[in-house]
Amino acid sequence: MSSQTEKAMDLAANYLSYKARTASEMITYLRKKNVADADIDYVMEKLREYRYVDDESYLKNYVENNRQLTYYGTKRLLQDLKRRGISDDLLRTLGDLFPSAAEYQCCMTVAVKNLRQLNGKPVLEKRKKQYDKLARRGF
């Protein structure tokens with residue numbers, strides 16, 4: 001292994017130390033750091049072998065965290081995951097990972113919390129703010 005490849009592995013390990021990354025994010029990062037394509041291929045092969053970069057696991061963890069923390073709808077999840085470079089094939093499995101009943105539950109959680117904050121406002125204002133909030137969240 002050359003010193004350039006070792007440097008690329010160190011860059012990748014450091015980038016992964018902050019949070020999980022998709023394969024696309026890792027490749028983009030390494031290209032931005034002017035790593036040679038041959039070294040990127042080697043590094044990505046090793047990262048996949050060690051399961052440090054696994055888009056399928058990333059997708060599952062992202063959806064699970066959404067259910068417990070962020071409460072985004074399917075539209076927002078799709079948008080975020082596409083931006084992170086998740087393949088369309090994996091995105092088609094989102095319906096299995098995030099069924100409509102779970103999405104409805106997330107929507108209700110956001111709506112109830114938002115209504116408490118809008119207490120005392122006129123009905124039309126409440127309705128508009130509620131629609132806007134739910135639309136931003138991807139419902």
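Tyr 71 lies in the loop between H4 and helix H5 (74-83). The model is predicted, so to speak of a local feature a pLDDT of at least 70 is needed, side-chain atom pairs count only at pLDDT 80 or more, and totals for chains, interfaces and linings use all residues. Residues are numbered from 1 along each chain as its sequence is written, and side-chain values use heavy atoms, with hydrogens and water left out.

**Exercise 1. Backbone in two loops**

Task: State the sign of phi at Tyr 71 and at Arg 51, then classify the exposure of Tyr 71 and Arg 51.

Solution. Step 1: start from the background. Most residues other than glycine have a negative phi. Step 2: read Tyr 71. Its phi is positive, near 55°, and the residue is not glycine. Step 3: read Arg 51. Phi is about 60°, again positive in a non-glycine residue. Arg 51 sits in the loop between helix H3 (37-49) and H4. Step 4: apply the exposure classes. Buried means under 20% relative accessible area, exposed means over 50%, and partly exposed lies in between (1.4 Å probe, protein chains only). Tyr 71 has 24%, so it is partly exposed. Arg 51 has 57%, so it counts as exposed.

**Exercise 2. Overall form**

Task: List the secondary structure of the chain and decide whether the chain is spread out or compact.

Solution. Step 1: count elements. The chain has nine helices and zero strands. These are DSSP runs, numbered from the N terminus: helices are H or I with at least four residues, strands are E with at least two. Step 2: compare the radius of gyration with the globule rule. The radius is 20 Å and the rule gives 14 Å for 139 residues, so the chain is more spread out than a compact globule. The radius is taken over C-alpha atoms, and the rule is 2.2 Å times the number of residues to the power 0.38. Step 3: check the extents. The C-alpha trace spans about 65 × 25 × 20 Å along its principal axes.

**Exercise 3. Burial, contacts and surface**

Task: Find the buried share of the chain, the share of contacts between residues 24 or more positions apart, and the exposed area.

Solution. Step 1: burial. Of the 139 residues, 36% count as buried. Step 2: contacts (heavy atoms within 4.5 Å). Take those with a separation of 6 or more; residues 24 or more positions apart account for 59% of them. Step 3: area. The chain exposes about 9,200 Å², with 49% supplied by carbon and sulfur atoms. The area comes from the Shrake-Rupley method with a 1.4 Å probe; for residues, only the protein chains shown count as cover.

**Exercise 4. Tyrosine pairs**

Task: How many aromatic pairs does the whole structure hold, and what geometry does the pair of Tyr 15 and Tyr 29 have?

Solution. Step 1: set the cut-offs. Rings of Phe, Tyr and Trp (its six-membered ring) pair if their centres lie within 6.5 Å; planes under 30 degrees apart are stacked, over 60 edge-to-face, the rest tilted. Step 2: count. The search finds three pairs. Step 3: test Tyr 15 and Tyr 29. Their ring centres are 3.9 Å apart and their planes lie at 0°, so the pair is stacked. Tyr 15 is in helix H1 (residues 3-16) and Tyr 29 in helix H2 (residues 23-32), so the pair ties together parts 14 residues apart in sequence. Tyr 15 is buried at 17% relative accessible area, and Tyr 29 is buried at 13%. Step 4: test Tyr 58 and Tyr 62. This pair is stacked too, at 6.1 Å centre to centre and 15° between planes. The two are four residues apart in helix H4 (residues 55-70), so about one helical turn separates them. Both Tyr 58 and Tyr 62 are buried.

**Exercise 5. Two aspartates**

Task: Which residues does Asp 80 touch, not counting those up to four places away in sequence, and is Asp 54 buried, partly exposed or exposed?

Solution. Step 1: place Asp 80. It lies in helix H5 and is buried at 4%. Step 2: list its contacts. Asp 80 touches Tyr 62 and Tyr 72. Step 3: turn to Asp 54. It lies in the loop between H3 and H4 and is partly exposed at 21%. Step 4: check its distance to Arg 21. The C-alpha atoms of Asp 54 and Arg 21 are separated by 8.3 Å, with their positions 33 residues apart along the chain.
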